[in-house]
Amino acid sequence: MKLNSFLKLKTFLCELNEKERRGIKCNSRAHQCKSGQCLPQYTFCNEIDDCLDGSDELPEICEKATSCPKGTHQCANNKCRSTAVLCSGVDGCGDNSDEDLCEVCYWEYKLQIK
Ligand SMILES: [Ca+2]
């Protein structure tokens, strides 16, 4: 696709209202709200309502899920979080499990203690 037609398509998609946008898939790096709205991945379960319908912060998904939506991270405490929290230097899960295994020397260290 040429840049010009890509920009036209992008403008077209952004101008659609909520109803018209339903059924249109977001970019793979975006989070799709139940309403169809597309937002950056990091908005998923970040404790801020970003989707106009609030579907990015559903407690049954963000706080205790048996499985997390595709493309998201499941914490050790079963919370679902955006993969943006992984190794960010900030505890995004509440149990710090998103900051485990971030140490670049982790595997080397593990091999040494065995
Ligand atoms: Ca959010």
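This is a short walk through the predicted model of a protein, from its overall plan down to a few single residues.

Let us start with the whole chain. The protein has four helices and four strands. If you follow the sequence from its beginning, these elements come in the order α-α-β-β-α-β-β-α. Of the 114 residues in the protein, 16% are buried. We can also ask about contacts between residues at least 6 apart in sequence: 12% of these join residues at least 24 apart.

Since the model is predicted, it helps to know how confident the predictor is. The mean pLDDT of the protein is 82, and 73% of its residues reach 70 or more. Confidence is highest in β4, with a mean of 94, and lowest in α4, with a mean of 58.

Strand β4 is a good place to look closely, and S82 lies in this strand. Is S82 buried or exposed? S82 is buried, because 21 other C-beta atoms lie within 10 Å, and the cut-off for buried is 20 or more. Some of its company comes from elsewhere in the sequence. Not counting residues up to four places away, S82 touches Q41, Y42, F44, C45, N46, T72 and H73. Take C45 from that list: S82 and C45 are 37 residues apart along the chain, yet their C-alpha atoms are separated by 6.6 Å.

Another residue on that list, H73, takes us to strand β3. Here the count of other C-beta atoms within 10 Å is 19, so H73 is partly exposed. Leaving aside neighbours within four places in sequence, H73 is in contact with C68, R81, S82, T83, V85, L86 and D98. For H73 and L86, a separation of 13 residues in sequence goes with a C-alpha to C-alpha distance of 8.1 Å.

Between strands β3 (72-74) and β4 there is a loop, and N78 lies in it. N78 is partly exposed, because 14 other C-beta atoms lie within 10 Å. Its backbone is worth a second look. Most residues other than glycine have a negative phi. N78 is not a glycine, but its phi is positive, at about 70°.

Now follow the chain past β4 (80-82), into the loop that leads to α4 (106-113), where you will find C87. What is the phi of C87? It is positive, at about 50°, although C87 is not a glycine either. C87 has 13 other C-beta atoms within 10 Å, so it counts as partly exposed.

Which residues is C87 in contact with, once neighbours within four places in sequence are left aside? They are E99 and C102. C102 is found in the loop between β4 and α4 as well. C102 and C87 are 15 residues apart in sequence, while in space their C-alpha atoms are 5.6 Å apart. C102 has 11 C-beta neighbours inside 10 Å, and therefore counts as exposed. D98 is another residue to find from C87: the two are 11 residues apart in sequence and 6.2 Å apart in space, C-alpha to C-alpha. You have met D98 before, among the contacts of H73.

To retrace the path on the structure, begin at S82 in strand β4, step across to H73 in strand β3, and finish at C87 in the loop between β4 and α4.

Conventions: Residues numbered from 1 in each chain as written. Predicted model: local features only at pLDDT ≥ 70, side-chain atom pairs only at ≥ 80, totals over all residues. Helix = DSSP H or I, 4+ residues; strand = E, 2+ residues; numbered from the N terminus. Buried ≥ 20, exposed ≤ 12 C-beta atoms within 10 Å, placed from the backbone. Contact = placed C-beta atoms within 7 Å. pLDDT = per-residue confidence, 0-100.
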